[in-house]
Amino acid sequence: MYIEDMSRLFRRADPNRAEEKKLQHLMRGVKEELFAGLVRNSPRSLAEFRSEATMIEKTLQQRARQYNRNVSHIMAALQAGSRGTQACINAASTVSGIIGDLDTTIMFATAGTLHSEKEGDQFVDHRENILKTAKALVEDTKTLVAGAASSQEQLAVAAQNAVSTIVQLAEAVKLGAASLGAHNPEAQVLLVNAVKDVAAALGDLVQATKAASGKGIDHPAMAHLKDSAKVFDTMKTCNRFIDLR
């Protein structure tokens, strides 16, 4: 501690130095955050200096701990208040990655190298799962749109569910495209492009939902959200896959 070190120095260098001189020397080297308090309650001895400085330091430490707790509470409240928005940001990022992956799949299909590793694999084996997942995505998007007018918690869950379903749909479609065989690249590209369009539409919907979250019903962002949601009409979405063989 500063005062202990200085006291030892005084004893070695100038044991007869007056108390007032010692205090003046101590005040010149004291921490800035302690100085103001010591000036207000000027100590008259080294013992008083030690006591006053210790009390001020403890008070400052307590205030610092309380400040840190308050900041933590504020940060937690802010995070809770923006959980849905952050989930939308994460979902949009995931969808962007899915689109990039589908572009790669299209490249392989165009090159005639996309094929199933499962012997005897046929598109009919995947068609039902693709349609079921597409319908589930439509329901998820309805919940996502409703989430714009709901709590951040509900919005977060809706965004997470929608992105989980588009991941499943993309994987199901890739397997279905591979089952068509490398000899049928046009159909493969058509199928993968269909889910790519759906993913892109979902990305737009997520962004629109994020922008509309917490806004009034008459806000322009709400109108844009409704327009974005129209893309996910059940028949329109499922018809992208229903006639593919």
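Leaving aside its neighbours within four places in sequence, with which residues is S179 in contact? In this predicted model, the residues in contact with S179 beyond that sequence window are S116, D121, Q122, F123 and H126. S179 itself belongs to helix α7, which spans residues 152–179. Its relative accessibility is 11%, and S179 therefore counts as buried, the cut-off being under 20%. A polar contact is also found for this residue: the side chain of S179 reaches the backbone oxygen of G176 at a distance of 2.5 Å.

The protein as a whole contains 10 helices and 0 strands, and its pattern along the sequence reads α-α-α-α-α-α-α-α-α-α. Of the 245 residues, 38% are buried. Among contacts with a separation of 6 or more, 70% are accounted for by residues 24 or more positions apart.

One helix pair was examined in detail. Helix α6 (residues 124–147) and helix α8 (residues 185–212) have axes that come within 10 Å and cross at roughly 15 degrees. Because angles under 35 degrees count as roughly parallel, α6 and α8 are roughly parallel to each other. The crossing in which α6 passes α8 is left-handed. On the α6 side, the contact is made by L137, T141, L144 and V145; on the α8 side, V198, L202, L205, V206 and T209 take part. Sorted by class, the residues in this contact comprise 7 nonpolar and 2 polar residues, with no charged residues.

Notes. Residues are numbered from 1 along each chain as its sequence is written. This is a predicted model: local features need pLDDT of at least 70, side-chain atom pairs count only at pLDDT 80 or more; totals for chains, interfaces and linings use all residues. Side-chain values use heavy atoms; hydrogens and water are left out. Axes are lines fitted to C-alpha atoms, for helices over the stretch in contact, and angles run from 0 to 180 degrees between N-to-C directions. Helices (H or I, at least four residues) and strands (E, at least two) are DSSP runs, numbered from the N terminus. Angles under 35 degrees count as roughly parallel, over 145 as roughly antiparallel, 65 to 115 as roughly perpendicular and the rest as oblique. A crossing is left-handed if the near helix is turned anticlockwise from the far one by less than a right angle, and right-handed if clockwise. Contact means heavy atoms within 4.5 Å. Ala, Val, Leu, Ile, Met, Phe, Trp, Tyr, Cys and Pro count as nonpolar, Asp, Glu, Lys and Arg as charged, and the others, Gly among them, as polar. Buried means under 20% relative accessible area, exposed over 50%, partly exposed in between (1.4 Å probe, protein chains only). A polar contact is a pair of N or O atoms within 3.5 Å; within protein, one must be able to donate a hydrogen and the other to accept it, and residues adjacent in sequence count only if both atoms are side-chain atoms.
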